[in-house]
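Biologist: Could you take me through the buried interior of this one, slowly? I'd like to hear how the packing, the sheets and any enclosed space fit together.

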Amino acid sequence: MTDVTEQTVTGGPGSPRFLGRLRERAELRSDVERAGLDTLAGRPAARGRVLLIAGRPGTGRTALAEEFTTELLDVGDYPDGVLRARLTDPGGVPVPVERAARDLLDELGVAAPAGADQDELTEILRDTLDERRAVLLLDDVASAEQLAELIPDSRHCLVLAVARGPLTGVPDVRPCALGGLDRLSAVRLIETGAGDVRVTVDPGAADTLAESCGYLPAALVLAAGWLAAHPEATVVEAVHRMAAADEDPDGDEAEDEAALAGAAEPADGTAPGTEDAERAAPAPPDTADEPLRRAFRMAHRDLPAPVARLYRLLALAPGGVVDAHTAAALAGCPVTTARSALAALAAAGLLRPVPGPGGADARHAVPGCLAPLLRALLRRRERPSEILLARARMLERTVRLLRACHAVTEPHGTPAREWLAGLPGSLRFESRTAAGTWLAARRAPLLAAARLAVSDGQLDTLARRLVAALSRALIAHRGAEAAAPELYRLHELVLGVAERQGLARERAAAHLNLGDIDARTGRLPEALERYRAALEAARSERDQADPLAVGRALESIAGTYAELGDWRRAADWYGRAVGLAQSRADVPSQARLHGRIGAALTYTGQWDEALRAWRAAAAAHRRVGDRRAHARSIAEAARVQEYAGRPADSLRTGEEALRLAERIGDRRLQAALRVRLADCADRLGLASLSDSHREAADRLLAHLRPPAAPPAESSGTTEGHAYETQLEPRQE
């Protein structure tokens, strides 16, 4: 687990910011300056230098990594700054390399393609870092293989990895093993909570307390927090409290040991099954972790009951990050009460602040070394039904916040704005800017909430509503293109829920939306696969087949074949879509699809078939009363006749299109047609007719303003007409 205990002193301006670890910091500096194995062998280094800070939970490994990174940046050796990524989720599950690489690219400001796989993303990351001098702080590394994928090729970059133990699979890694603090630093850390008077009065008790804490920074911070919360208590009383923590009736030493050892835990916070428990039977308790367990029990036992329960429920916070809204929803209490409780927990060392907006929007996280102990405590003290209810309350409040975040972007007077006005003040945003700032700051926890809600499997309705609300908020504030990477992940989550619940319509919609993003990013074979899966899902229940989804899938498959240059297959699939449109009496779709068939057949040189398709398109446009599209279809028919070497027919058809264009006053189409008619007249030897058409075309073009860029012809993915799934109940 990530150990993010802050070894800080909260005294006056002259107080040191970081305590102890002088030997380890000197060792790390020496490792940076020391030549690598490749250099010693007389060959250039193949990859960036890797330093490893290894230690058990509570040793302050992440705090040391952050402090050492600050030292490196202060001396200017790495002008491109530091990039941070966490490689283990708060629940103990390793982060996929794809997600870690994408997070690092986000920090670099590089837009990674939506839906890109691990190899593509790591290659982009290495290319981006090739000309940079930066530090990569990779926290909570789960395995050597995971770390190896993220090491840059640039010799000018430094990787500072934080892990529980050695990573033998990484060549030329420089490990720095952490244990407890030195005695003086440990006592000074206690002094930050006890004050110098209590320590000076009884220095022996301070030494004893430091020893009881195993000189572990995390345990020392908790002891200091207890002393700060009990100004009337002596240091000796803290020592007695630590000793009494072994007698905690709610303590389960074996379960705590399994948690600290990183045993697998269910994502939903419930107890594992009997077979899983037997397979993962913990070893005898390790005395090295006992001080941290005792300090944690002491701190938790002295909390007021409502605050203690709120703290236990924080183990359910997505991404390990919690604010007052999340805490209030989990505990079912007012936001002001939750805000006060978070402040008290932070003062006790049970929470740490998360960088970002302060004030009422301050965020906190459970220190990584305490997270497994907190999850184990949650399972022991809370019923599964209560845990499920807390999750539901949290997701419901998150959905409302996301809907408010989206509603603030709507114009005044719309139903969304009226709904927003009826919300309590704590759920409203003052402006679009404020909502966008909130969304950007909480993007990672919100995505984590969506992942957890889907993986839980017990709250699928809320999970679908959450994904829908988050998708709309991202599109409203960032736009569909900028939010495409997040939307791709969200559509995959929707697909997971739809497959689990057997929802054919939602499954088809997710495949279609994923295919659209694949097509826009140039992954056409993957897009084709998605569209075929969407077609299969839409047709899976013949009695309840969704014709809209079927038609959308057919047209998208055809468009993808067109992008691939396979015009015959494109025309065939467009033809299938036409058949469906005819069965539904959808004349506008028939008109559009006949035109696309005509364009595809023109590329293959099938002139007669292409001409019939354009004539059919013209007839359909005439039926719906679209005179402009009717004229353009006739003009395209004339073009096909010209390509087929039939200038006389092209001349007659072009004159028909010209008459239609004159009736609707489309000067640009008139000019284009007259140029084409002039070319046909030249081929037929009609020089005077040709000159007449060219003069008329020149007059028309002289009166036309510079044209605006025409809308791009859709490739068949029907961009702008995405098939949307109704993920929320209709009344919302």
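Modeller: Sure, I'll start with the nonpolar packing, zoom in on one helix, and then work outwards to the sheets and the holes.

Some bookkeeping: this is a predicted model, in which local features need pLDDT of at least 70 and side-chain atom pairs count only at pLDDT 80 or more, while totals for chains, interfaces and linings use all residues. Residues are numbered from 1 along each chain as its sequence is written, and side-chain values use heavy atoms, with hydrogens and water left out.

The largest nonpolar core has 113 residues. A core here is a set of buried Ala, Val, Leu, Ile, Met, Phe, Trp, Tyr and Cys residues joined through side-chain atoms within 4.5 Å, and buried means under 20% relative accessible area (1.4 Å probe, protein chains only). Helix α18, residues 384–407, gives this core its largest share, 11 residues. Apart from this core lies another, of 38 residues, including Ala 508 and Trp 573.

Back in the largest core, the residues with the most contacts inside it are Leu 209, Leu 310, Tyr 311, Leu 314, Leu 350 and Leu 370. Let's zoom in on Tyr 311. Leaving aside neighbours within four places in sequence, Tyr 311 is in contact (heavy atoms within 4.5 Å) with Phe 296, His 300, Leu 303, Leu 345, Leu 350, Leu 351, Val 366, Leu 370 and Leu 374. Two of the other hubs, Leu 350 and Leu 370, turn up in that list.

Tyr 311 sits in helix α14 (305–313), whose buried residues are Val 307, Ala 308, Leu 310, Tyr 311, Arg 312 and Leu 313. Helices are DSSP runs of H or I with at least four residues, and strands are E runs of at least two, numbered from the N terminus. The buried residues of α14 pack against α13 (290–301), α15 (324–331), α16 (335–347), α17 (371–381) and α18.

α15 and α18 also show up around an enclosed space. The structure holds three cavities of 30 Å³ or more, and the largest has about 240 Å³ of space. On a 1 Å grid over the protein atoms alone, a cavity is a set of points where a 1.4 Å probe fits but cannot get out, and lining residues have an atom within 4 Å of a point. Grid points are joined across faces, edges and corners, with volume taken as the space filled by probe spheres set on them. Of the 18 lining residues of the largest cavity, the closest to its centre are Asp 323, Thr 326, Thr 398, Pro 445 and Leu 446. β6, α15, α18 and α21 (443–456) each give two or more residues to that lining, with α18 providing the largest share, five.

β6 leads us to a sheet. Three strands form an open antiparallel sheet in the order β6-β8-β7, where pairing needs at least two DSSP bridges between strands. β6 (321–322) and β7 (352–354) are at the edges with a single partner each, so one side of each has no neighbour in the sheet. Two bridges join β6 to β8 (363–365), and Val 322 stands opposite His 364.

For contrast, look at strand β3 (135–141): seven of its seven residues are buried, so it is largely enclosed by the rest of the structure. β3 pairs in the parallel sense with β2 (82–86) over five bridges, with Val 82 opposite Val 135. Five bridges also join β3 to β4 (158–163), again parallel, and there Val 141 stands opposite Ala 163.

Terms used
Buried means under 20% relative accessible area, exposed over 50%, partly exposed in between (1.4 Å probe, protein chains only). On a 1 Å grid over the protein atoms alone, a cavity is a set of points where a 1.4 Å probe fits but cannot get out, and a pocket is an open set with protein on both sides within 12 Å along at least five of seven lines; lining residues have an atom within 4 Å of a point.
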